[in-house]
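Trainee: I would like to take a close look at the cysteines of this model, and then at the surroundings they sit in. Could you go through them with me slowly?

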Amino acid sequence: MGLLTVATVAIKSATILLGKVAIIPALIAALAYFNYDLMDPEHQPRVTKALRREYDFVVVGGGSAGSVMVNRLTENPEWSVLLLEAGGHETEITDVPILSLYLHKSKVDWKYRTQPQDSACQAMVDRRCCWTRGKVLGGSSVLNTMLYIRGNRRDFDQWESFGNPGWGYDDVLPYFKKSQDQRNPYLARNTKYHATGGYLTIQDSPYNTPLGVAFLQAGEEMGYDIVDINGEQQTGFAFYQYTMRRGTRCSAAKAFVRPIQLRKNFHLSLWSHVTKVLINPRTNRAYGVEFIREGHKEVVYARKEVILSAGAINSPQLLMLSGIGPRQHLEEVGIPVVHDSPGVGQNLQDHIAVGGLAFLIDYPVSTVMNRVVNVNSALRYAVTEDGPLTSNIGLEAAGFIFTKYANQSEDWPDIEFMLTSSATSSDGGTHVKNAHGLSDSFYNEVFETINNRDVFGVFPMMLRPKSRGFIKLKSNNPLDYPLMYHNYLTEQHDVDVLREGVKAAIAFGETSSMKRFGARFHSKPLPNCKHIPMFTDEYWNCAIRQYTMTIYHMSCTAKMGPPSDPTAVVDPELRVYGVSGLRVIDASIMPTITNGNINAPVIMIGEKGADLVKKQWLSRRKRDNVTIAGS
């Protein structure tokens, strides 16, 4: 991002957060670099107005996996590739790390909400969880908190054990490294786990508060090592690694799509809402897609394959709209069944955390929004590309820990602490409350007294839930949002693990490292749990069903599995069962969710998926050439 753009972003950021700002100094700094910005090589990719009638590959969805797919497939100059994305371009605002929560419920968000369920999200408006998903080129990598966490070796070895050869940890590690441009020189030297030169920039945060180091020290007090959580051992504490570049967001679109915009075999169509995969009923082969662009229905054909990379909500929705899904459900909504696939939309998994665990402190070192975002920080961001605006909404460190329900002899923790130098109340009850969907009555009763106070937060996130949700169609109208049932905390195991995670978070705040800051838990009883004595198991069992916070890791809704698994939607090469010429390559294909934030695994799935596609079509061409030569 050129410095003119950076300065503009800084001005807009301060305006959003402060309401008004003196902009003249920032404009002077920006104008000094105007000519540089005109030559910026990272301008937005160009949109193709006149599409061809046919392409070799049509990729649906320009998110983390889809961006990787079009990059890798267009490496072959003989293949033409079209990317269809329902949203538009990223903006200057999406580049600013501290503003990620301010993008929720904006024009770049699908604004999904789950169906009301009593098991969780009781503090949210209408008891409905807010499921933010990116409706923008780059997908949810444009709205996320940029955390780069690959997961655990055992996640992938387990996938392989389910009957998915080629998906073990040793198989997928090269694909994580293939994407990576690790900017931390210490980590980059560890070439067994890290690499440089890839499209996706991974760096440490340019800005940390004094709380960051204290978080690691507190972890050591609790008996954990300081580790590289993307290296040999996951259990322990570490500063986060981020998908950032020069202090700004490095989305999947910035990493993988912008560098290929001049490839002649790549076309891009934005604001293109795909409504159906076209399938020949006689051969059960996918041969194109229907989509809506500028209010008109259009059709484009695929000579080789249609690839769905629309995410764990939209990919199963598109499969069902196209006649691939549970027979009974498709018949209920009036969609002709092409292939009865019971697993489509099922097996939904997500990571949830308990929100609102705030600890008051006595020193002005936390990320209080109205203090850290001002004209000085805006100018610092414009000129030096660091400072508070590069803070990832206060996320500074992670802790991967065990509860008593995990096997502590294995390096497979069951809770991730997301440690923040901020909390729900750090912006005075405005954007964070809105992003999380909290009701006014709940927020005011619990947090109003600590608005804009110095705090830190601990968000205990459950890593391996047993509860399974599902997605189904509301109707056969492709513009109707699907019905989403989270089913959070419907398994007692999940309640038990999350409760123990909360108790560990309270203990974390009691360490001497945190007490140095005067840390004390904000122990305001939650409205629906006031009748239960605080700090008892019964109280926490109640509390975790109130402020249930999705970490936006919806996945597993079109799972990969062997032919012997009747609930598998795709095979280990990500080809949809029952329909040829069609693959799903995104978070949907995970059999089980990975042990940590899922953006890095989704990019890995895109890298491996692209190689699977290449392998099939290049080997087919080789066979054809051999046949011709021998005839």
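Trainee: Is Cys 542 buried or exposed, and what is its relative accessibility?

Mentor: Please keep in mind throughout that this is a predicted model. Cys 542 counts as buried, because its relative accessibility is 15% and the cut-off for buried is under 20%. Its partner is Cys 529, to which a disulfide joins it with an S to S distance of 2.0 Å. The torsion about that S-S bond is about -85°, so the disulfide is left-handed. Cys 529 lies in the loop between strand E23 (520-521) and helix H18 (537-543), whereas Cys 542 belongs to helix H18 itself, so the pair ties together parts that are 13 residues apart in sequence. Cys 529 is also buried, at 0% relative accessibility.

This link is one of two disulfides in the structure. The other joins Cys 121 to Cys 129, again with 2.0 Å from S to S, and with 105° about the S-S bond the link is right-handed. Cys 121 is buried with a relative accessible area of 0%, and Cys 129 counts as buried at 1%. When the bonded cysteines are counted along the chain, the disulfides follow the pattern 1-2, 3-4.

Cys 130 deserves a separate word. The closest cysteine sulfur to that of Cys 130 is in Cys 129, but at 7.8 Å it is too far for a bond, given that a disulfide needs the two sulfur atoms within 2.5 Å. Cys 130 nevertheless counts as buried, at 7% relative accessibility, and Cys 250 is buried too, with a relative accessible area of 1%.

Around the disulfide of Cys 121 and Cys 129 in the numbering, it is worth looking at charged side chains as well. Asp 118 and Arg 127 meet in a salt bridge of 2.6 Å, N to O; Asp 118 is exposed, with a relative accessible area of 55%, while Arg 127 is partly exposed at 32%. A search of the whole structure finds 33 salt bridges, among them the one that Lys 433 forms with Asp 440, where the closest N and O atoms are 2.7 Å apart. There Lys 433 counts as buried at 14% relative accessibility, whereas Asp 440 is partly exposed at 48%. Glu 75 and Arg 72 form a further salt bridge, their closest N and O atoms being 2.9 Å apart, and the two belong to a network of salt bridges that also links Lys 178, Glu 607, Asp 611 and Lys 614. Of this pair, Glu 75 counts as partly exposed at 35%, and Arg 72 is buried at 6%.

For buried surroundings without cysteines, turn to helix H10 (residues 311-321), where eleven of the eleven residues are buried, so the helix is largely enclosed by the rest of the structure. Its buried residues include Asn 314, Ser 315 and Gln 317 alongside Ile 313, Leu 318 and Met 320. Just after H10, Gly 323 takes a positive phi of about 95°.

A last buried position is Ser 513, which lies in helix H17 (residues 512-515) and has a relative accessibility of 4%. Its side chain is joined to that of Glu 221 by a polar contact of 2.5 Å. Leaving aside neighbours within four places in sequence, Ser 513 is in contact with Ala 214, Gln 217 and Ala 218 as well as Glu 221.

Definitions and conventions. Residues are numbered from 1 along each chain as its sequence is written. This is a predicted model: local features need pLDDT of at least 70, side-chain atom pairs count only at pLDDT 80 or more; totals for chains, interfaces and linings use all residues. Side-chain values use heavy atoms; hydrogens and water are left out. Buried means under 20% relative accessible area, exposed over 50%, partly exposed in between (1.4 Å probe, protein chains only). Helices (H or I, at least four residues) and strands (E, at least two) are DSSP runs, numbered from the N terminus. A polar contact is a pair of N or O atoms within 3.5 Å; within protein, one must be able to donate a hydrogen and the other to accept it, and residues adjacent in sequence count only if both atoms are side-chain atoms. Contact means heavy atoms within 4.5 Å. A salt bridge is a side-chain nitrogen of Lys or Arg within 4 Å of a carboxyl oxygen of Asp or Glu.
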